[in-house]
Every structure is written in C-alpha cells, then in structure tokens.
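Visitor: I have not seen this structure before. Please show me how to read a pocket and what is in it.

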Amino acid sequence: MKKNYPLAKVYSLLESGPVIMLSSAYKGRANVMTLSWHSMIDFDPPLVGCVIGDGSHTFKLVKASKECVINIPTFAIAAKAVACGNVSGAKADKFEKFGLTPQPASLVRAPLIKECYASLECRLHDARLAGKYNLFIFKVVKAWVDGAVKDPRTVHHRGGENFFVAGRTVKIPNKMA
Ligand SMILES: Cc1cc2nc3c(=O)[nH]c(=O)nc-3n(C[C@H](O)[C@H](O)[C@H](O)COP(=O)(O)O)c2cc1C
C-alpha cells in the first residue's frame, strides 16, 4: 500500500540518469563538479539541461566560458565522483586532489576526464532559465565513448547516500528503436 511521501524527497524517485562529472574551465583554470539533475531535451543536435547550483564554482565558470564537458563515470570511480560533489573547486584543484586526469577536448576548453567512459563536449545553448532555476541547456558538439566498455555500470543517485548501479541491458521492442 502506498503511503504519504515527503515532497522534499520526490527528487529521489525520479532519478534522471547517471551521475555525471561536469568539467569546466575559464582563464586556464579547470574544475569538475558532480551532478545528477540533468535531462535530455532533444536528439539532434543533442540538447541536455543541467541544474547547476548558483553557489557552486562551476556556475561561475560555465557562465563565463559558456562551455563544459559532461563526463560519465562508472562504478569503478564512483567514490571519486561523489567526493567531487563534496568539495568546491573554489578552494581545491579537484583533478589533483582526487587523482583525475584532464585531457584536452577538441572543440571546447573544458577538459575531458580520462577515467570516465564517455565525455560529451558541450557549448551553452540557452541560459534563459539559469537566473530563475539554475538551468543551463547545453548543445553536445562532440561525443567520445570508450567502445570497450560494454554495459557501462553507471551510477544513479537515489538521494542521500543511496545509489543504483546499472549494468544489465534488456531488449524491449518499441517504436522509438
Ligand atoms: C551525487 C551528487 C549529485 C549532485 N548533483 C548536483 C546537481 O545536480 N546540481 C548541483 O548544483 N549540485 C549537485 N551536487 C553538488 C555539487 O557537486 C557540489 O556542490 C560541488 O561541490 C560543486 O562544486 P564546485 O563548487 O567546484 O562547482 C551533487 C553532489 C553529489 C555528491
């Protein structure tokens, strides 16, 4: 039987996809933040909406540079990914602190993260809702994926200390295929 559920925890029911590590850079300084509030918005070109808190260092870097890279970690580096969400880049170099390897991107200044199985180079497409909802819409302009990683064990935030780990792919016929 269903019972009343606190509204403040509704976010944990609608997990929006894998935890991502969003890297950014401005004036030669790179940063990375952990983010789970994101959503696909369009297919081609791929548009992705990300909620980036206005108190974060990333918010300032993205506003100034109008670019980012969406890096997708797997369970192998889940602890590092979560740790990046508990420290601000305003005070620490998180690449150094957590042993992450920045690699040059091809079209944007923000770095790819070598340890992530996929990296999406993005340009800011629409920031009209950034002032009201901290919502940035990015256009993916280049995508890199490690083809050797089959069934990537992405990590999905369920709220608090709880995470799902993906892994099994099942096929269900549908009209979107
Ligand atoms: C699992 C997890 C998910 C998070 N999701 C978001 C998110 O969707 N949006 C956000 O603004 N912050 C999110 N955070 C918090 C930021 O990662 C955190 O504030 C970080 O320190 C910001 O880094 P920065 O100041 O270097 O930009 C999340 C943290 C964790 C651990």
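Visitor: Which element gives the most to the lining of the largest pocket?

Guide: This is a predicted model. To read a lining, take the residues that border the pocket and sort them by element. Here β2 gives the most, with 4 residues. The elements that give two or more residues to this lining are β2 and α1.

Visitor: How many residues line the largest pocket, and which lie nearest its centre?

Guide: The lining has 22 residues, and Met33, Thr34, Leu35, Gly85 and Asn86 lie nearest the centre of the pocket. By type, the lining holds 9 nonpolar, 12 polar and 1 charged. The space in the largest pocket is about 380 Å³.

Visitor: Where does the ligand sit?

Guide: The ligand is in the largest pocket. Two or more residues of the shell around the ligand come from each of β2 (29–35) and α1 (57–65). With 4 residues, β2 gives the most to this shell.

Visitor: How many residues surround the ligand, and which are the closest?

Guide: There are 21, with Thr34, Gly53, Thr58, Ser88 and Gly89 the closest. This shell divides into 9 nonpolar, 11 polar and 1 charged.

Visitor: What lies 2.8 Å from an oxygen atom of the ligand?

Guide: For polar contacts, look at both side chains and backbone. A polar side-chain atom of Lys94 lies at that distance, 2.8 Å, from a ligand oxygen. From the backbone, an N or O atom of Thr34 lies 2.7 Å from an oxygen atom of the ligand, and one of Trp37 lies 2.9 Å from a ligand oxygen. On its own the ligand has 650 Å² of accessible area, of which the protein covers 82%.

Technical notes: Residues are numbered from 1 along each chain as its sequence is written. This is a predicted model: local features need pLDDT of at least 70, side-chain atom pairs count only at pLDDT 80 or more; totals for chains, interfaces and linings use all residues. Side-chain values use heavy atoms; hydrogens and water are left out. A residue is near a molecule or strand if one of its heavy atoms lies within 4 Å of it. A polar contact is a pair of N or O atoms within 3.5 Å; within protein, one must be able to donate a hydrogen and the other to accept it, and residues adjacent in sequence count only if both atoms are side-chain atoms. Accessible areas come from the Shrake-Rupley method with a 1.4 Å probe; for residues, only the protein chains shown count as cover. On a 1 Å grid over the protein atoms alone, a cavity is a set of points where a 1.4 Å probe fits but cannot get out, and a pocket is an open set with protein on both sides within 12 Å along at least five of seven lines; lining residues have an atom within 4 Å of a point. A molecule sits in a cavity or pocket if more than half of its atoms lie within 2 Å of its grid points. Ala, Val, Leu, Ile, Met, Phe, Trp, Tyr, Cys and Pro count as nonpolar, Asp, Glu, Lys and Arg as charged, and the others, Gly among them, as polar. Grid points are joined across faces, edges and corners, and a volume is the space filled by probe spheres set on the points.
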